[in-house]
Each structure stands twice: as C-alpha cells, then as structure tokens.
Amino acid sequence: MLTNTKALSCACATLCAALVMIIALPQRAAADGDDPPGRVARLSFLRGAVSFQPAGESDWVPAAINRPMTTGDKLWADTDSRAELHIGSAAIRLDGNTGFSFLNLDDRAVQIQLSAGTLNIRVRRLERDEIFEVDTPNQAFSILRPGEYRLEASENGTGTIVKVIDGKGEATGAGRSYTIESHERASLTGSDTLDADIDKLERRDRDDFDNWCEERDHRDERSRSAQYVSPQMVGYEDLDENGEWRHDPEYGEVWVPTAVVAGWAPYHYGHWAWIAPWGWTWVDDASWGYAPFHYGRWAYGRGAWFWVPGPVNERAVYAPALVAFVGGPNFAVGIAVGGGAAVGWFPLGPREVYVPAYRVSPAYVNQVNVSNTNVSRTTVTNVYNTTVVNNNTTVVNNVTYVNRTAPGAVTAVPTNTFTSAQPVATSAVKVNPNQIANAQVMTRASVAPTQNSVLGPSEHAPGRAVPPERADRPVVAKATPPPPPVSFAKQQSALAAHPGQPLARNEVEKIRPANVERPLVRQAAPSQPGTPNRGGGQVAGAPGAPNRRPENPGNAPANAAPNRPASNPSVSVPPRNDRPGSVQPDNRPALSEAPNARPSIAQPNQPSQPAATEPPNNRPANVQPSYRPSSPENRPNAAPPSNERPSINNAQPNRPATAPSNERPSPSVQPRSAPSEQPNRPATPPPAQENRTAAPRPEPSGNVHAAPQNNTRPSNPTPAKSNNNSSDKKKENEKKN
C-alpha cells in the first residue's frame, strides 16, 4: 500500500511539473520575442541646427546630446551643421543638408536611410552574419568589410556617389549590383536602370568634412579608456578628457569624473525620456554622460563617486538606466510638492542586479547584468526570481543596496517634472534618510508617459524648418526593414493601463493600423552583376571634377580623342579581370614613342620638343594641360604606373587589335584594344623604344585624361628632331642634377 502511495505521489509530481512546463513554455517564448536589442545608437556630437524626429512621430524637435536612437528615429542636419552617432564600434557622421534615419537597428542589422546629403561611416568590427546597409533614393549599399565609407545622395534623388576609402561594399538597384573595392569611387546614376562609373579614389578628392571625420576617428583611436572597457561599449571615448582612471583594491580599474561640481551625484543632471521598447530612459547633460549611465555600475568611496565598468571581454549590453526606483505611499506623500506625487531613484552599485521594467527573457536578464558588472549568473537568477509584482509595481525584496545610503545618491522630483522631460537638477527635492529607509525599492517608475515624455519639453521647436521632400524621400532597400513604429498617440491609452511598463510586441501589433506600408522603401529587385564603366580618376559630376560628361565624347578636347575608348554602357566590358595592377605597366606607352603618336595641337606655353622624350622623373609639372589634375605629375618615376592611377581600363587584352588611322578613333567607332604596333609610326623609331614591348593603350572614358597621353604634348615634331632634342635635353638635365 505504501509503495502504491509513493508511486501515485511521484506520478502526480511528474504531471504537475509537465503542466508547469507547458504553461511556462509559451510565456518563455513570448518573453524571448520581446527581448529588445542589446545596442542602440548614441547621438554623440552636434554642431549647428540638427533636428530630431522620434520613431512614429510627425513632429521635429531639436536634437539632444546623448539621446539614444533606435529603429524609426530620424535626424536632419541643416546647412553648415554636423552630427555624429556611435553604434558599438561603428561611427556615423552627417554633413550639412543631410536627411538620415534608422530603418532598422538591432543586434544583427544596421539599416540606414540616407534620403539626401552626405554620410561618413567608420566600421571597426563586422560580424559574419551582420547586415550594415545604407539605402539611398536609387540604390542600396551593403558594407561587406570593416573600413571607412562615404556616401552622397544627390538633392534630386537620381544619383549616389560611394567612396570606399577602405573596405569593400556592394551597390544594388534596378536589377543590377556593382562591387566597389577599397580605394575606389563609384558614381551610381539612374532609377529605372542603375549605371555605375567606377574610378580610383584620389587623395585630392578630400574636403573639409573628410578632414573632420578623420580627426574624430583619430580621437577615438587614441582613447586611453579603450583598454578598460568592452570594445562594443558606446561613449567611452569621451571619458579621457573628463576624468581619470584609478586602481581600486576592491573593484579594479575605475573611472573618477573630475569635471563635476561639488556635491555631484550620478543620475542627477539630465532628464527622463520615454523611448520604446525600453520605456523610461535617462539622458544625461554632460558631454561624457553616456557610457557611465547605460553600462557598468557606480560606487561611492573616499568622498567621491566613481564608475566601475563591466568585464572587458563581454559584449556590453545597453540598458536604459541602471538605477533602482524608490516609492510607495509614504515616500510619495512625504516629499510631494504642491500636493502631487513624486518619483525617486538611486544608482545601482557593483554586483547589484538590474531587473528591467520591460518584458524580457531570463537569458536577457543574465546578459544585461554579467556584461555590465562582475556578478554571477546564480545571483542574477536568485534576485530575478524573488522579485515580486504587486499592483503593477515590481518590488525587490531581501536585497541590500550599497548606494541607497550614500551621500546625495537618492534623487527625487515631482511626477510632472519626470514625465515632461524637464531638467532634474532644477526640480529635485530633498529626501531625508528616514524617508529613504522606509521607502520601497522598485524596478520601475510606476508613472505613465505623456507626449512630452517622447518629444521633450513642449516649448522646444526646431530652429529651422525641415524640408520634408528631402528628409523623407523614399529609398531603395535590399534588406526588408521591419514595419514602421506605431505612434505614441495610438499606444498611450494602453500604456496608461500599466504605468511605467512598455507594451509587449504582440500588444503593439494589435494596435498597429491595418495595411501599413514599409517606411518609404522600395524593395530592390533580385539583381545580377552589372558591368561598370571603368575610368581613370574622377567621377562625373563629383566635386572637383571637370564639367564634362564621360558619355559625350564630343565635349572632349580634340587632342584627347585619339586614346579615348567609347563610354557607351552597351559595350560589354568584363568586370574585375580587366584591372590587374601588374599588367598596367606593360600597357603603358613608352615615353619615347609618344612624339609620333600625339595629335598635332601646339601648346604655346609648354617647352619645345625635347620635353617629349625626357624621362618622366625630369618632367616639370607645368607641362600639364589645364584640364588634368596635377597630382600624378608629382610622381618621381613613371615606372610603377599602377600606383599613379587605377589599373582599370576599358581596353581588354583579348580584344581584336585594330588600329584606326592616325591613331584617333571616331566617337562612333571606338578602338577595342591598343594595337601591338602603330602602323603610322616612322620606320626608324626613337632609341628609347627598343626597351618597350607594349603599345600605348587607349585612355579611359571620363573627365580625366591618363598621364601617358600628357607626357607627349609638344606639337608634331619629326622623329629625327625629337631624338636630337631629347639627347640635348637629357644632357642638360644631367648637368642640373
């Protein structure tokens, strides 16, 4: 009988456990789906008039430093304005007249909408399965390697210029895709058909914006704080100039702020904002006030506050505010101002567990804690499991918080200050130790947000009007972005039912309008590799390029026509394999051959015939035509031409060898290959020709003419005269040297 009873008891226990698992599994799955991203973007630098539009809203407000940004948030940098954002180890910088937004930002994707203007991106780390995409009105650019990139979207939305300063990327649009390698510059034009002109990126193409971006990069790379924090932590580069690192015997390396006022305490100088899906988020006023308020923990000792970062080898997970809230009926009545309620909080200390106010999985709770402080997973689990939810208020029991009694640690403000994004420091009220001791410790502020919680103070409005035709222009996207965020107005009534707790993902979907379209996105069609036009140095229409279109040979100078291939995109040019740098020197014309191959156009301001045959390292720079960039002539020797210009040429080695008469192809019939021998050359070539095996190759289409053509500028001398003058000139140069 006893045996049967035990067996029955075991069976009941097993059944109960199974029922618990059945009930818990859907909740666990739902919680996993509600986990927010572990990273956001930080608005780290502002100059000029920069406007911000929160996700799901239609109003623009002035951008605020240290504002966390996520999916759906938008920026507009007006004329003569700039902005900078950081995501993990990546930096994004905006120039003036630039429209920017995040179509998607989570742990695996960064998808940017560049509706107009100029963007610089520095990616220091790129995971294998990570998407980093920049979408413009006529193409989608995917970053394939860590590096530095610059993108310019034209004002009319029909063109994009991509500069791969370092790295590799792919542009996709209108059924075509183009790979852009390091040190290349691509002009991508058209909407119905995407055409590409790809050239070598020259140093002279840089402008003031590039120089500023380089200075900011050097600042990040020289940061001393990088050795003490996780590489994925955002905002550590601002700590160097505002504090110092010290060794603490209990916590190791800690950071002490030095640029603070007397009596300063963390989470006291700033304001609260409502940012979905995390809810109440702290936005600090200090220029350095990001990393220490969203990562790590604060401690008080030896009369000062210091910040303790998390483990260096853990991927830092963002938190909206690492604080514990205090409240309860006695606390609120005791410090209320004008009869209203109040909200109080204090910073969490080292090894103390952060319990999010938003719905998450146990795995997320573990990661957000172990990545930000040295705490065991067992401790995290125990605190998380003993947290009690009572009347929409999550209360933490049996935990002693070290900062609860620290000097100035507890900050309290009236509820209306908290919800309207008002500065905390000017409205903070004093709290005596007895009130703090009797107050309950909670994981969230049980206060419902208002419209001002999202937009900021109502009196703030952007200083300049934001042009909607440029800030909200549709773009082409390769990756499918998530649906647009639901406006706060549609969520407000549901948020009021559970004050201080953001809506779960399934709750948001219930109130989403039906048949909602993707946010200003045209999905890119499946693409095939396209054949770009490969030129010799500059992209048509780019700053600093001559005002000639590469597709119109009739606009080129007469003396440039002989060596120009057609730029007709219908000509089939094999990609990539026509660009080996080691082949280029053999295709370069010998300098001594040029006198018999140049067009008969006199150059009155250039030296006479001897300049044609002198070695390139003796050539003066002033013999350049006015339409050519000057930097290639500064090279001391023409022997390694692959370092002088891109090894990309429309002339293919397997093209038939055809030699148009007088070496000048007509605009309608372009040479497909440089002839191995020049039929119009005299029977007795100059002596220097004996060491050359390759004939001159045609110049690439574009606004820049290649250097070999310009090395032979004197007006149509006879071979004998050229050789004699060359010998005399050579002797003169030897004497000078």
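## Terms and overview

Strands are DSSP runs of E with at least two residues, numbered from the N terminus. In these terms, asparagine 66 lies in the loop between strand S3 (61–62) and strand S4 (68–69). The model described here is predicted.

The protein has 15 helices and 33 strands. Of its 737 residues, 55% count as buried. Among contacts between residues at least 6 apart in sequence, 67% join residues at least 24 apart.

## Two asparagines with positive phi

Asparagine 66, introduced above, is not a glycine, yet its phi is positive, at about 70°. Is this residue buried or exposed? Asparagine 66 counts as buried because its relative accessibility is 0%, and buried means under 20%.

Asparagine 97 also has a positive phi in a residue other than glycine, with a value near 55°. The loop that holds asparagine 97 runs between strand S7 (90–94) and strand S8 (98–105). With a relative accessible area of 24%, asparagine 97 is partly exposed.

## Glycine 167 and its surroundings

Glycine 167 occupies the loop between strand S13 (159–166) and strand S14 (169–173). Its relative accessible area is 7%, and it is therefore buried.

Which residues does glycine 167 touch, leaving aside those up to four places away in sequence? The contacts are with Arg145, Pro146, Gly147, Tyr149, Glu181 and Ser182. For one of these, proline 146, the C-alpha atom is separated from that of glycine 167 by 5.7 Å, although the two residues are 21 residues apart along the chain.

## A hairpin and a cis peptide bond

Strand S18 (residues 243–248) pairs with strand S19 (residues 252–257) in the antiparallel sense, over six bridges. The two strands are joined by a hairpin through three residues. Aspartate 248 has glycine 252, in S19, as its bridge partner.

Further along the chain, proline 277 is placed in the loop between strand S20 (270–275) and strand S21 (279–284). The peptide bond that joins alanine 276 and proline 277 is cis, with omega about 5°.

## The packing of helices H5 and H6

Helix H5 (residues 362–370) packs against helix H6 (residues 377–385) at an angle of about 125°, and their axes are 10 Å apart. That angle makes H5 oblique to H6, since values from 65 to 115 degrees count as roughly perpendicular and those over 145 as roughly antiparallel. The crossing of the two helices is right-handed.

Which residues make this contact? From H5 come Pro362, Val365, Asn366, Gln367, Asn369 and Val370, while H6 contributes Arg377, Val380, Thr381 and Tyr384. By type, the residues of the contact divide into five nonpolar, four polar and one charged.

## Buried residues of H5

In H5, the buried residues are Tyr364, Val365, Asn366, Val368, Asn369 and Val370. The cover over the buried residues of H5 includes strand S22 (297–301) and H6. Val365, Asn366, Asn369 and Val370 are thus among the buried residues of H5, and they are also among the residues that H5 brings to its contact with H6.

An α-helix has 3.6 residues a turn, so residues three or four places apart point the same way.

Key:
Residues are numbered from 1 along each chain as its sequence is written. This is a predicted model: local features need pLDDT of at least 70, side-chain atom pairs count only at pLDDT 80 or more; totals for chains, interfaces and linings use all residues. Side-chain values use heavy atoms; hydrogens and water are left out. Axes are lines fitted to C-alpha atoms, for helices over the stretch in contact, and angles run from 0 to 180 degrees between N-to-C directions. Helices (H or I, at least four residues) and strands (E, at least two) are DSSP runs, numbered from the N terminus. Angles under 35 degrees count as roughly parallel, over 145 as roughly antiparallel, 65 to 115 as roughly perpendicular and the rest as oblique. A crossing is left-handed if the near helix is turned anticlockwise from the far one by less than a right angle, and right-handed if clockwise. Contact means heavy atoms within 4.5 Å. Ala, Val, Leu, Ile, Met, Phe, Trp, Tyr, Cys and Pro count as nonpolar, Asp, Glu, Lys and Arg as charged, and the others, Gly among them, as polar. Two strands pair if DSSP finds at least two bridges between them. Buried means under 20% relative accessible area, exposed over 50%, partly exposed in between (1.4 Å probe, protein chains only).
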